[in-house]
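How do two copies of a chain come to sit together? This report takes up their contact and their symmetry.

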There are 2 protein chains.
Amino acid sequence: MDDPNLIDTKGGAAPTLAQVAARAGVSPITVSRVLRLPDMVARPTRERVEAAMRALGYVPNLVAGSLASARSRAVGVLVPTVANAIFADTIQGISDALEPLGYAVVLAQSRYDDTREEKTLAALLGRRPEALIMVGSPATAVGGEMLRRARIPVVETWDLPVNPIDAVVGFDNHAAGAAVAQHFAATGRRKLAFIGGDDPRATRRWMGFHEMAQEAGLEPPRRLVLGRNARAGVAAVAELADSDAVFAANDALAIGVLAGLRPANRRVPDDIAVVGLGDLEIGRLIAPSLSTVRIDGGAIGRTAGRLILSNEGSRHINLGFTLLIRHTG
Amino acid sequence: MDDPNLIDTKGGAAPTLAQVAARAGVSPITVSRVLRLPDMVARPTRERVEAAMRALGYVPNLVAGSLASARSRAVGVLVPTVANAIFADTIQGISDALEPLGYAVVLAQSRYDDTREEKTLAALLGRRPEALIMVGSPATAVGGEMLRRARIPVVETWDLPVNPIDAVVGFDNHAAGAAVAQHFAATGRRKLAFIGGDDPRATRRWMGFHEMAQEAGLEPPRRLVLGRNARAGVAAVAELADSDAVFAANDALAIGVLAGLRPANRRVPDDIAVVGLGDLEIGRLIAPSLSTVRIDGGAIGRTAGRLILSNEGSRHINLGFTLLIRHTG
DNA sequence: CTGAAAGCGCTAACAT
DNA sequence: ATGTTAGCGCTTTCAG
């Protein structure tokens with residue numbers, strides 16, 4: 001039963017805590033204490049142990065420690081994709097909040113695929129993380145159930161689910177969509193379009209956008225589901241011939257739309273307005289600068305990290321968004 | 001000795017393999033086999049065990065499994081930062097290559113800080129990953145020694161170190177810098193500048209750039225070390241008054257330079273050429289489109305993933321780069 | 001095809 | 001301040 005996909009772990013066993021103990025002439029538990037509770041150990045003893053560690057190049061086996069103590073000091077992080085810059089700041093924020101405290105970040109991607117998400121969640125939970133942070137909410141009931149049974153802090157982010165599993169750090173996607181539609185209506189746009197994925201968060205943006213357009217007495221906006229990256233934005237332009245305002249569910253998409261509009265000779269914002277979401281640094285720097293719904297992804301990550309470390313304060317945090325009208329709409 | 005930063009792991013123990021075994025009326029090892037070697041177990045037995053697992057909501061404890069088998073099925077990934085989009089594709093590539101095989105990605109950031117890198121490396125190795133992939137090479141001798149002693153596959157990426165620890169997947173940063181300088185010289189530029197960080201890879205780009213400029217008979221280029229993000233690019237423009245060509249060590253920086261040049265009324269590429277590195281999708285979409293040294297970050301990640309899974313073929317892979325001259329230079 | 005025994009490397013709980 | 005004992009939840013090895 002040889003699995004050809006196994007990494008060939010070379011020979012040469014790593015030194016163990018017991019070996020350090022033997023070399024220092026103490027019992028294993030003393031070495032363990034030098035590592036975790038150093039000032040519980042007498043100075044000379046500690047120094048002998050430390051010398052032994054250095055001599056052997058000892059690296060404590062956290063896997064064994066996790067099993068013995070039932071504390072993995074790991075947090076699972078599940079994002080749709082890391083390639084989309086929109087989530088990078090959130091991962092960074094989580095890492096910034098937790099790594100200094102000795103937590104490891106175990107990262108996994110769902111790729112916007114519900115089946116994969118379920119598998120990934122199981123794989124993540126198998127490592128017994130002390131908490132799990134995810135962008136969005138579990139797509140399946142099974143996934144949700146797994147998280148609930150795991151009995152660890154769970155933080156759903158980038159949205160405000162109605163029935164959260166535990167903690168939430170996000171913003172109101174519906175309201176964000178509505179805000180953009182309202183802005184378009186207020187600036188005299190008549191034929192709106194939305195471009196984005198069909199995941200729950202994008203769909204909520206669409207719902208808010210759609211409803212507010214109706215309320216403003218505009219004809220129903222179009223919805224284009226072509227992908228989530230800049231290329232999809234370029235492609236979308238072919239369908240935008242009779243729209244005068246587009247809300248793209250993320251900034252990369254919006255920048256793609258801008259790029260597609262240029263050769264089509266449609267002037268932005270005169271002929272058509274374009275608003276993105278996320279506020280990538282680059283959106284502010286291009287010309288014309290991109291109007292967008294600003295989301296503070298870094299704050300989402302840091303807040304999620306803080307939430308799993310403490311039970312004080314609210315566990316349902318709405319970080320909001322800001323409509324930033326720059327030069328494209 | 002209460003650490004207030006401990007996550008409050010709630011009560012309610014997760015079901016164990018032994019409990020599943022008891023419920024199914026088999027011995028623990030049989031449950032273990034159902035999980036790992038299902039077709040070694042008779043059909044009816046297997047079905048009983050599977051039913052018991054479902055009934056209990058059993059999630060195998062991979063921490064215990066790792067300890068017992070000495071195989072963690074985890075890979076450590078160390079990057080300078082995840083916020084810089086330039087490494088996102090590499091992480092994605094690693095994840096794509098390894099997650100389907102059951103490996104977890106333990107992600108950590110060095111933040112271009114040598115001390116932090118050393119600590120992070122130790123933290124990573126303590127989890128006993130079966131391999132470690134890093135962007136660049138260990139900054140300190142201690143870090144290198146730790147990696148060597150870990151006796152696991154190590155892949156250094158985004159560079160071609162002269163004395164690699166083990167495997168390498170990267171490109172020649174020196175040659176990339178030289179190629180840009182050569183291009184500038186060939187297109188009549190006289191006063192070159194370089195903007196980037198002071199990390200080893202950026203420095204190698206600078207060296208190549210500088211040497212080739214000399215060879216081409218140009219006056220020595222300037223080197224600006226102001227940061228690595230787009231904002232640093234904007235700031236750099238103040239120092240670029242008498243340069244007619246800039247090589248920015250990454251595309252975000254280059255886009256920042258472009259943004260800074262606009263209000264300064266300096267035309268690109270007529271007054272000044274700008275070339276980046278990385279080939280972010282967005283660079284191709286802005287106007288004028290960004291000239292850049294294309295690096296296939298995704299391929300670097302996937303190749304690194306493949307390398308740690310197999311010992312066949314070369315372990316020193318130069319994936320090269322492509323100079324892409326578009327509209328900024 | 002299934003099981004019994006032993007142990008991975010560490011820490012918790014109790015001594016002393 | 002240090003040590004002893006037991007055991008975390010699983011897999012390995014060897015039997016049958």
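## The contact between the chains

Of the interface residues of chain A, 99% are also interface residues in chain B, so the copies meet through the same surface. The model is predicted. Chain A gives 82 residues to the contact, and chain B gives 81 residues. Between them, chain A and chain B bury about 6600 Å². Carbon and sulfur atoms hold 55% of that area.

Polar links cross the interface too. The rule finds 28 residue pairs in polar contact there, with both residues at pLDDT 80 or more. On the side of chain A that touches chain B, the residues divide as follows.

| Class of residue | Count on chain A |
|---|---|
| Nonpolar | 45 residues |
| Polar | 17 residues |
| Charged | 20 residues |

Four salt bridges are counted between chain A and chain B. One of them pairs A:Arg116 with B:Glu99. Their closest N and O atoms are 3.3 Å apart.

Strands also join the chains. Strand β2 of chain A (residues 104-109) and strand β2 of chain B (residues 104-109) run antiparallel. Three bridges join these strands. Within this pairing, A:Leu107 stands opposite B:Val105.

Which operation superposes chain A on chain B? A rotation of 180° does, with 0.0 Å of shift along its axis. The RMSD is 0.1 Å. This is the relation of a two-fold axis. In chain A, A:Val106 has the C-alpha nearest the axis, 2.2 Å from it.

Terms used:
Residues numbered from 1 in each chain as written. Chains lettered and ligands numbered in written order. Predicted model: local features only at pLDDT ≥ 70, side-chain atom pairs only at ≥ 80, totals over all residues. Heavy atoms only, no water. Least-squares fit on C-alpha atoms with pLDDT ≥ 70 in both. Contact = heavy atoms within 4.5 Å. Buried area = accessible area lost by both parts, 1.4 Å probe. Salt bridge = Lys/Arg side-chain N within 4 Å of Asp/Glu carboxyl O. Polar contact = N/O pair within 3.5 Å; in protein donor to acceptor, adjacent residues only side chain to side chain. Nonpolar A, V, L, I, M, F, W, Y, C, P; charged D, E, K, R; others polar. Pairing = 2+ DSSP bridges. Helix = DSSP H or I, 4+ residues; strand = E, 2+ residues; numbered from the N terminus.
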